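Please open the structure in your viewer and keep the sequence panel beside it, since the tour moves from the whole chain to a few selections.

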Amino acid sequence: MTRRNALAVLVAIVATVVSGFSRTNVVSGFSRTNVASGFSRTNVVSGFSRTNVVSGFSQTQGAQTIKLYVFDGGTLESDPARYRLTREDVGTTQLSVAAYLIVHPKGVLLWDTGAVPDENWSPTGTPMEQRLVLPDGQERRVTIRTPLNAQLKASGYTPAQVTHLALSHYHWDHTANANAFARATWLVRQNERDAMFADKPLGTATPMTYAALKASKTVIVSVDEHDVFGDGTVILKSAAGHTPGHQVIYVKLARTGGVVLSGDLYHYPQERTMNRLPTFEFNEEQTRAARKAVEDFLARTKSRLWIQHDFNAHAKLKKAPEFYD
Ligand SMILES: [Zn+2]
């Protein structure tokens, strides 16, 4: 989405079920007037209060291994021209939507929260295409299969057991279920938080989907590389430019090795190989610098980059409840 859409908020959604059932929903993340599925945010939030985060966490921890679960947030239809690429350049025009759960002996961190709020749809067993309509008429289509919460549950966790939340950035396709994790400690950079709660947020945001974070216990990350658990295994790294406080996260896994989750530092892998920038960066110079810094980091830590929106790469990853360790 372009910066011209800075004021754009997703206001309506048409959910079409592949089985032939169709209906019109208003996404509750963007409007208080209608919750489509009956799974209301109030119920989600009240569920937190009944569960002790610390005791729930300790019950699930065993060996001192770090696990990385990959969640499927659906398939986003996309136009490569928005990334200064052609259809021929990219081959596959679709983008994946991903979220990840990092299970560390000292905490459970969720990285990004998907593109469609769980409470706004009901799984049917078949993929569902959600058509998100922007106020200026632009559309985004996402095909979703499994709610984020169901994937979390399949991995053995409830939202209350997630102790830390970090978003790569505030765009709508990363924040959809953020409110469900408002009881976690939120790790965010000051300029990103400021943008998220500004009267007129920069870029394409859906503030209703993360409004509850405003009251979360918050750690303002002020250093380039923030060691989340103090042992060097999970590091938030600044990668500003896509948004003011965009970041990536490094996870050091015993068997898999080092992995950096890209956020939106890249979308199509050809942005990396062909040195192309999206057309809608907050600051292109910063993005160029961030890309170089992350490439240096990858070399220094001998890590691989997992591009979250890379459809083909994401398709090959093991999905929860399987995990990487
Ligand atoms: Zn994105």
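What follows is a walk from the whole protein to one sheet and then to a metal site.

**The whole protein**

Begin with everything shown as a cartoon, keeping in mind that this is a predicted model. The protein holds 9 helices and 15 strands, and of its 325 residues 54% are buried. If you switch to a surface view, the exposed area comes to about 13400 Å², of which carbon and sulfur atoms supply 52%. Among contacts between residues at least 6 apart in sequence, 71% join residues that are at least 24 apart.

**The sheet from E11 to E15**

Next, select strands E11 to E15, which form an open sheet of 5 strands in the order E11-E12-E13-E14-E15, with mixed pairing. Its edges are strand E11, at 225–227, and strand E15, at 303–306, each of which pairs on one side only. Looking along the sheet, you can follow a twist that averages 25° from one strand to the next.

Zoom in on the edge at E11, where 3 bridges join this strand to E12 (residues 234–238) and the two run antiparallel. Which residue in E12 is the bridge partner of glutamate 225? Selecting lysine 237 shows that partner.

Now add helix H8, residues 284–301, which lies across E11, E12, E13 (247–253), E14 (257–261) and E15. Relative to E15, helix H8 runs at about 140°.

**The zinc site**

Turn then to the zinc ion and select its protein donors, Asp173 (OD), His174 (NE2), Asp264 (OD) and His309 (NE2), which lie 2.1 to 2.2 Å from the ion. Why is the arrangement of these donor atoms irregular? The 4 donor atoms subtend angles of 89 to 158° around the zinc ion, whereas a tetrahedral site would need all angles between 85 and 135 degrees.

In the sequence panel, the donor residues follow the spacing D-H-x89-D-x44-H. Two of them, aspartate 173 and histidine 309, link distant parts of the chain, being 136 residues apart. Aspartate 173 sits in helix H5 (residues 172–175), while histidine 309 belongs to the loop between E15 and helix H9 (311–316).

To finish, color this pair by accessibility and ask of each whether it is buried or exposed. Aspartate 173 has a relative accessible area of 7% and therefore counts as buried, the cut-off being under 20%. Histidine 309, with a relative accessible area of 2%, is likewise buried.

Conventions:
Residues numbered from 1 in each chain as written. Predicted model: local features only at pLDDT ≥ 70, side-chain atom pairs only at ≥ 80, totals over all residues. Heavy atoms only, no water. Helix = DSSP H or I, 4+ residues; strand = E, 2+ residues; numbered from the N terminus. Buried < 20%, exposed > 50% of the residue type's maximum accessible area, 1.4 Å probe, protein only. Contact = heavy atoms within 4.5 Å. Areas by Shrake-Rupley, 256 points an atom, 1.4 Å probe, with all protein chains shown as cover. Pairing = 2+ DSSP bridges. Axes fitted to C-alpha atoms, helices over the stretch in contact; angles between N-to-C directions. Donors = N, O, S within 2.8 Å, 3.2 Å for Na, K, Ca; no water. Tetrahedral: all angles 85-135°; square planar, octahedral: opposite > 155°, others 65-115°.
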